[in-house]
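Trainee: I would like a close look at a single part of this protein. Please take me through one loop and set it in its surroundings.

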Amino acid sequence: MNSILLASNRGPVSFTVSDDGELTMRRGGGGLVSGLSGVAKDDGVLWVCAALSDGDRSAVRLAPGGRIDQAGYDTGPLRMLDIPPATFHRAYNAVANSTLWFVNHLLYDIPNSPNFGTRFEREWESYRDYNGTFALALAENAGHGARVMVQDYHLTLTPAMLRAERPDLRVAHFSHTPWAPPEYFSLLPDEVGGEVLEGILGADHAGFLAGRWAQAFMDCCESLLGAEVDRVGRSVTYEGRTTRIGVHSLGVDGEALWQRACEPDVESNMTALREQVGDRRLIVRIDRTELSKNIVRGLVAYREFLAAHPEWHGRVVHLAFAYPSRHDLPEYREYTASVQRCAKEIEDEYATEDWDPLILNVNDDYPRSLAAYRLADVLLVNPIRDGMNLVAKEGPILSPRCALVLSREAGAAAELSPYALMVNPYDISGTAAALHDALVMPEDERRMRRDKLHAAATALPPDKWLAAQLDALG
């Protein structure tokens, strides 16, 4: 029985199975893994996650009770849940990624979607089952009075389900996405929207990355549930229970990131990029081909910048890293194709024999991304909506002279806006002008802004971010 448990869809490690049946374990990526490592070594955190691949499922079937010892990965023990693939697909793709993600990022093409009918009812039932599996696993493994940290939009129902099973536990839920305002959140069927809100309110503490997302959640609770909301004290009282609302702005472990960025594979990528672009100035973006990241408008803004400023022809290169994301969803496949079409149009219009104005990389290459950060003169981060966006924080840590062009719709704007060049993500001309302003920014101002960005980005690294939420549970 564990005193601290953390639940998330994706776990800290993943497994692959070779043709001869041998299992190989590798460490997962992301801030949660980094954040948990220090706490797990001291406190023996149990991480509960879903098996995502055939390799993961093979590992679960070989482990007693699905518990896997991860000695050497500094993440403590793991319980991986072998959820039936059909149930997982409906819960993960149809509900979490195609419904809740779309609602909270305001992504729907309203005249045509969403459409909630009998098919969605079946998908929602799978989402309930998926959350119920997590709740049961947590209840089975939690010691009396344990603290449980439930993560993100995949598991919005888990807190209330767990509360029903184990009222002795102290439960937190954290949303890594934005939260939609009531008028948009109410696109969900009434019973579904209510179930999501009531599910999170089953927690003692509900955390968000920015104050505006916490505010939107409280607005939804008041508008849709009729809950009593204390906006000053940040709490929601519903059916006799009070849930405290917290804002925990996730930062970056600057020292660890810098150490990784100085390894040989990154240095070799820096050499290759320098040979490819010469001494030209670099505008860098690093994103998944996720609809909310606004890559196409960013490329169009760069094209407009080139049209307005011919003096920069041959003197600047845009490194656009757009890594594949959710290609099992048709909207994402089409968006990736749109990114590639737009990039080709820029190449066709402006490329010369000795100048490639745009380098588009659609293959996931972490060392190359770190190399691009280190070489960046300008970092473009222009999502139409983002819970935080750690790219905006990582760039100024690794580049000594990075000017940041940042969307006002990123959660990171709450901390970084005084030192970044802020843009409306829908304003292509405004973004093009900001790119020019970033390139011509005086060197002393550039370094001053970068130093301030660096300090803000590292103010609450993942270990402190997680510890603050544990403290909030007492």
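Mentor: What follows is one walk from the whole protein to the loop between H3 and H4, and then to some other places.

Start with the frame. The model is predicted. It has 474 residues, and a compact globule of that length would have a radius of gyration near 23 Å; the protein has 23 Å, so the two agree. Along the principal axes, the C-alpha atoms fill a box of roughly 65 × 55 × 45 Å. The secondary structure comes to 18 helices and 18 strands. Of the 474 residues, 57% are buried. Among contacts with a separation of 6 or more, 75% join residues 24 or more positions apart.

Next, the domains. Domain 1 is made of two stretches, 2-250 and 463-472, while domain 2 covers 254-458. Their C-alpha centres lie 30 Å apart. Domain 1 gives 22 residues to the contact, and domain 2 gives 20 residues.

Now the loop itself. Leu106, Ser113 and Pro114 are good markers here. Leu106 sits in the loop between H3 and H4. Its backbone is worth a check: phi is positive, about 55 degrees, although Leu106 is not a glycine. Is Leu106 buried, partly exposed or exposed? Its relative accessibility is 32%, so Leu106 counts as partly exposed.

Move along to Ser113, in the loop between H3 and H4 as well. Ser113 has 21% relative accessibility and therefore counts as partly exposed. The cut-off matters for this one: buried means under 20%. The peptide bond from Ser113 to Pro114 is cis, with omega near 10 degrees. Pro114 is also placed in the loop between H3 and H4; helix H4 spans 118-141. Look across the chain too. Leu187 is 74 residues from Ser113 in sequence, and their C-alpha atoms are separated by 9.7 Å.

What reaches this region from elsewhere in the chain? Ser292 is a case to follow. Ser292 lies in the loop between strand S13 (281-288) and helix H11 (295-308). With 1% relative accessibility, Ser292 counts as buried. Leave out residues up to four places away in sequence, and Ser292 touches Trp101, His105, Leu107, Pro383, Ile384 and Arg385. Helix H3 runs over 85-104, and Trp101 is one of the residues Ser292 touches.

The other side of H3 brings in helix H2, residues 54-62. Gly55, Asp56, Arg57, Ala59 and Val60 are buried in H2. The buried residues of H2 pack against helix H3. They also pack against strands, including S2 (13-17), S3 (23-27), S4 (46-50), S5 (67-68) and S6 (78-81).

Compare one more loop residue. Asp152 lies in the loop between strand S7 (142-151) and helix H5 (158-165). Asp152 is not a glycine, and its phi is positive, near 80 degrees. Its relative accessible area is 12%, so Asp152 is buried. Leu106, by contrast, is partly exposed at 32%.

Finish with the surface and the charges. The accessible surface is about 18900 Å², and 49% of it belongs to carbon and sulfur atoms. The protein has 47 positive and 66 negative charges, and their mean positions are 2 Å apart.

Definitions and conventions:
Residues are numbered from 1 along each chain as its sequence is written. This is a predicted model: local features need pLDDT of at least 70, side-chain atom pairs count only at pLDDT 80 or more; totals for chains, interfaces and linings use all residues. Side-chain values use heavy atoms; hydrogens and water are left out. Helices (H or I, at least four residues) and strands (E, at least two) are DSSP runs, numbered from the N terminus. The radius of gyration is taken over C-alpha atoms; the globule rule is 2.2 Å times the number of residues to the power 0.38. Buried means under 20% relative accessible area, exposed over 50%, partly exposed in between (1.4 Å probe, protein chains only). Contact means heavy atoms within 4.5 Å. Accessible areas come from the Shrake-Rupley method with a 1.4 Å probe; for residues, only the protein chains shown count as cover. Lys and Arg count as positive and Asp and Glu as negative; His and the chain ends are not counted. The place of a charge is taken as NZ of Lys, CZ of Arg, CG of Asp or CD of Glu. Domain bounds come from an automatic or database domain assignment.
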